[in-house]
Amino acid sequence: MSRNAFYFALMCLVWGLTFLPVKIGSAHVPPIFLAAARFTIAGVLMLLWAGRDVLAVPPAARRRLLITALLVNTGNYTFLFWGTAHAPSGLAAIVNLATIPIYTLIASRLIEGQRITGQRIAAIVLGLIGLGFLFATRASSGWNAAHGDPMEIWGLAAVAFGTLLYCFGAVLTRRIAGTMPTLTLAGWQTIIGALGLAAVSFAVEPVTLADMRALAEWPVWPAVAVLVFGGSLIGFTIYMRLLRDWGAFHAGLYAFVSPAIAVTAGVVVLHEPFGPSEAIGAVLMFGAAAIALRR
């Protein structure tokens, strides 16, 4: 196995397992508060890692940096963490990761005017059908999931909407990506997004001193550590390396591997339901992502 192949496998494993600590941590502290804690720590570490490049943000890029930070981090993770708290972590991973290539096609068309070919239209339609299968069980059972959370269908919808915000933010980021070092861009997006998450959390969640103390207690602190060091630092660093060495297409193949890991972890560790409708939906969405990623 080559070094990059090993890194790819590690990235898929790390990103596939990040939905588990979100689910576990959200059972003990408010989910958006958990997201704010994760990205505050990750943002500070990224900016420290950037070193002398920390202030290398051109004045002309600052407005777009702020907007993209609010989309990619604040908006996306507000809905993603809240949604994952109410939905099975495996299904949340499928909705999140497998829709990124599809939503990116739509965002690229609306923002940059990129042409959508028949192949890409097929990817969008197939992805929407797959989403329908994932939602079917919840809708047909009276908006109630197998484990009794009446908010489950809304949780999956929140994950889908958060992912849409992420993709629009990512496409808007392209214009400023070449104007500053990658770690500087990611660090400032993360820390600005964390401030937005904190504002949202204190505005809509009943955050108490007990929740703040819980960040240093079991099992919340291991969940935060995995999210920060695994999801934000290790996963991000590997993805940037693979983008450089493999290109966007091959690096983006994690969209097929990580959700499978997330589903397995959810079923084994949390005993989450995963039936025929979810399996059909997952296969259709993986197929849609495959079509969207084709050159």
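Buried, on this tour, means under 20% relative accessible area. Keep that cut-off in mind as you click through this predicted model.

**Stop one: the aromatic cluster**

Start by selecting Tyr254, which lies in helix α12 (residues 254-270). At a relative accessible area of 10%, Tyr254 falls under the 20% cut-off and so counts as buried.

Now add Trp15, over in helix α1. The Trp15 and Tyr254 ring centres are 5.0 Å apart and the planes meet at 70°, so this pair is edge-to-face. In sequence the two partners are 239 residues apart, so to speak distant parts of the chain brought together as a pair. Trp15 is buried too, with a relative accessible area of 15%.

Keep Trp15 selected and bring in Tyr239, from helix α10 (residues 220-246). Here the ring centres are 5.7 Å apart with the planes at 50°, which makes the pair tilted. This is another link between distant parts of the chain, with 224 residues separating Trp15 and Tyr239.

Show the three side chains together: ring pairs join Trp15, Tyr239 and Tyr254 into a cluster. If you enjoy hunting for rings, the structure holds nine aromatic pairs.

**Stop two: a glutamine in helix α8**

Next, go to Gln189 in helix α8 (residues 182-204). Is Gln189 buried or exposed? Its relative accessible area is 9%, so Gln189 is buried.

Which side chain makes a polar contact of 3.1 Å with that of Gln189? Select Thr173 to see the partner. To fill in the surroundings, display Leu65, Thr68, Ala69 and Asn73 as well; they are among the residues in contact with Gln189, leaving aside neighbours within four places in sequence.

Technical notes
Residues numbered from 1 in each chain as written. Predicted model: local features only at pLDDT ≥ 70, side-chain atom pairs only at ≥ 80, totals over all residues. Heavy atoms only, no water. Helix = DSSP H or I, 4+ residues; strand = E, 2+ residues; numbered from the N terminus. Buried < 20%, exposed > 50% of the residue type's maximum accessible area, 1.4 Å probe, protein only. Polar contact = N/O pair within 3.5 Å; in protein donor to acceptor, adjacent residues only side chain to side chain. Contact = heavy atoms within 4.5 Å. Phe/Tyr/Trp six-rings, centres within 6.5 Å; stacked < 30°, edge-to-face > 60°.
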